[in-house]
Amino acid sequence: MHSATVKPGPAAKILWVAIAIVGAWCLGVVALRRGEPINAIWLVAAAIAVFVIGYRFYGKFVEHAVLRMDPTRAPPSVLRNDGLDYVPTDKWVVFGHHFAAIAGAGPLVGPVLAAQMGYLPGTLWILFGVVFAGAVQDFMILGLSLRRDGRSLGHMLREELGPAPGIVAMIGVLVLMMIVLAVLALVVVKALTHSPWGTFTVAMTIPIALLMGAYLRWVRPGRILEVSIIGLVLLLLSIWAGKFVADSATLAPVFDLGAKALAWWLIGYGFCASVLPVWLLLAPRDYLSTFLKIGTIVLLALAIFLAAPTLQLPAVSRFIDGTGPVFAGNLFPFLFITIACGAVSGWHSIIASGTTPKLLANEGQARMVGYGGMLMEAFVAIMALVAAASLHPGVYFAMNSPGAIIGTTVEHAAATISQWGFVVTPDQLLQTAKDVGEQSILSRAGGAPTLAVGMARLLHNIIPGEGMMAFWYHYAILFEALFILTTVDAGTRVGRFMIQEIAGLVHKPLKETSSLAGNLLATAICVALWGYFLYQGAVDPLGGINTLWPLFGIANQMLAAIALMLATVVVVKLKRERFVWVPGIPAIWLIVCTLTAGWEKLSGPISFTAAADKYATALQNGQLLAPARTPAAMQQIVTNNHVDAALTGIFMLLIVVMLAFTLNAIARAWRTNHPTAHEEPYVALDSVPGGAGAGH
Amino acid sequence: MDAATAFRSVRRWAVQTARLCCGVPDYEVYVKHLREHHPERPVPSYAEFFRERQEARYKGTGGRCC
């Protein structure tokens, strides 16, 4: 191997052998110890060892053998330096920016849901998925974009595969985005249903953001950090005030909303937030959520290290057989669909080909940002898993199972869950709700509340105090809701631009993003698209998450498969066929997982079709099935399931079409005897004025 | 490197990262770039620069993850 690095000395070799032994030992404890609960630190230590080894060895292999990153080559930031979008930037600054852009609610939700199968399956998938698939995808797309002037994923697909695959991917991304927004908004709905405290604090973020926006505009322009601190103090005050709202007889009913009402509020809010000028609401909320996100991730890490909780969930639960209450389906393929962000996330390919490649000062830093950034996200996913697995299993299942399965009273829920082998008393469930200042914790699927209870417990262990657990719980809820809502606002805007772009293909003037009518129309379409799925989730018999999360997982993994297929094509086009397996095997794995999961959602016992048939048959026999109370509501559930089935079919079709294009491109490139990839020509970093100095 | 310089460079790094996470690149770098390469163009004030970047952040398809 013509590696540019120096051969490691004996001390370095001993160090790596030691890390490998410690990692293997910890992983062995996590995987093999049975019968007695283990401490979370084993799991965290095993994860760190796997990440460090993966980064040093596999990441380096991808860097030198597959991508052949070249520190002497001038990157786009140097070649096209404009001081704004293309700026050679310090690698730690780029790393921080990249991580803040990729880490969101996803890695906090998926692992919590997947914990129903025990903590081991999820852990193993996160650890090995990220090293061999997720981080490889992020790093390779970043590497490809670096060699192509920082072009976007869609642009690279058009260049390397042709115009039609570019359009296929564009449609795929738009549909994925609508599902992402709906599912994330549903997480907020689930967390806030009949929770006056939570609803009040989240509602307060709107006036706080408006205030921040005005301050930034007129009082102290551009002082982001200053205004964010003011915003944070106001947020903490509103959490504190939330308790009094919840206790007040007059105010509590105002903020005590059901799932349907909350869904409508969010839809209306999403529309307004993305139509208003960005400086007023969207931007300030974005700043606040970015800083709060990083702060909370650090807080969670500290809490886990200091509290060192014992994992109370079993390593492997009985629900690997596909009968779990949180989501239906066997370990294969549904574990790999449920945990997307954290192991491998298609969405990252958009960010890795967005701003990041325009900022990197040197190709030699791409591994740290691309591969390393994704490992950090996987670490967040591991922490979310730990927070969920350190809960009492009875509490975990009570919070995450739909009402249709465990009933709506604590007595019924405790009896049902105890029958599954996770013995819990109604008092324990009541007490947990009381501790966190809520009336009920039953059926709050979606990850956020579970993580919030887990986090509140951990933080309460470190910083005890009367009533503090309720404060921490609502802090965690607020933080998740805040950045989910930011994603909803910004996503609605981006979705609107995408809709206008697609409409522009049909009728040119519609593309004009400055036209008010076009703006309102495209925003309305965008909000209606995700709003439909959100409302569907709010009235869903199985609570929504159970139905929609698999759809989101399939869509996200579909995009990851598309990104990895692009990487595979480019590797062949560069005539590096020996390494085609590096992006090829994860691509095949994701294609197999998404198509199998898609098929099981189309036909068979856990499919959308079966759910639709069940309600259609009952309707014909004149019966009403919960939660529907009218024949019209029954009909609505039938229609919703047909829509979900159709969407699953579309995702599968997109993957198959993309696969055909990919195989065709690979076959052609394989027969050609010279490289055919569309890389920009080599320019030496030394030859660019000011370039060599930037790369230090 | 003495403690004060180290502290200053860490602070500068933190501020730069925090701003970039919000889509605002380094203002000084931009001004330097303008002076060196486009001396004919007017140099915007920080407030103008900030506004332009704020608008630009929510225009494209970049953004953040789920």
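This report describes the fold of chain A, one helix pair within it, its contact with chain B and some backbone features, all taken from a predicted model.

**Overall form of chain A**

The secondary structure of chain A consists of 29 helices and zero strands. Its radius of gyration is 25 Å, close to the 26 Å that the globule rule gives for 696 residues, so chain A is as compact as a globular protein of that length. Measured out along the principal axes, the C-alpha trace covers about 75 × 65 × 60 Å.

One of the helices, α13(A), runs over residues 282-307 and has 26 residues. From its first C-alpha to its last it reaches 36 Å, close to the 38 Å expected at 1.5 Å a residue.

**The packing of α23(A) and α24(A)**

Two packed helices are described by the angle between their axes and the distance between the axes. For α23(A) (residues 468-506) and α24(A) (residues 516-538), the angle is about 110° and the axes are 8 Å apart. Angles of 65 to 115 degrees count as roughly perpendicular, and α23(A) and α24(A) are therefore roughly perpendicular to each other. Their crossing is right-handed.

On the α23(A) side, the contact is made by Thr492(A), Gly495(A), Arg496(A), Ile499(A), Gln500(A) and Ala503(A). These meet Gly518(A), Ala522(A), Thr523(A), Ile525(A), Cys526(A) and Val527(A) in α24(A). The residues of this contact divide into six nonpolar, five polar and one charged.

**The contact between chains A and B**

In the contact between the two chains, 27 residues of chain B touch 43 residues of chain A. On the chain B side, the elements that give two or more residues are α1 (3-21), α2 (27-37) and α3 (46-57). The largest share, eight residues, comes from α1(B). By class, the chain B side divides into 17 nonpolar, seven polar and three charged residues.

**Backbone features of chain A**

Most residues other than glycine have a negative phi, and most peptide bonds are trans. The table lists two residues with positive phi and one cis peptide bond.

| Site | Backbone value | Location |
|---|---|---|
| Ala308(A) | phi of about 40° | just after α13(A) |
| Asp149(A) | phi near 60° | loop between α6 (119-146) and α7 (153-161) of chain A |
| Phe332(A) to Pro333(A) | omega near 0° | Pro333(A) in α14 (residues 331-338) of chain A |

The phi of Asp149(A) is thus a positive value in a residue other than glycine. The bond from Phe332(A) to Pro333(A) is cis, and Pro333(A) belongs to helix α14 of chain A.

Definitions and conventions:
Residues numbered from 1 in each chain as written. Chains lettered and ligands numbered in written order. Predicted model: local features only at pLDDT ≥ 70, side-chain atom pairs only at ≥ 80, totals over all residues. Helix = DSSP H or I, 4+ residues; strand = E, 2+ residues; numbered from the N terminus. Expected span 1.5 Å × (residues − 1). Axes fitted to C-alpha atoms, helices over the stretch in contact; angles between N-to-C directions. Parallel < 35°, antiparallel > 145°, perpendicular 65-115°, else oblique. Left-handed = near helix turned anticlockwise from the far one by under 90°. Contact = placed C-beta atoms within 7 Å. Nonpolar A, V, L, I, M, F, W, Y, C, P; charged D, E, K, R; others polar. Rg over C-alpha atoms; globule rule 2.2 N^0.38 Å.
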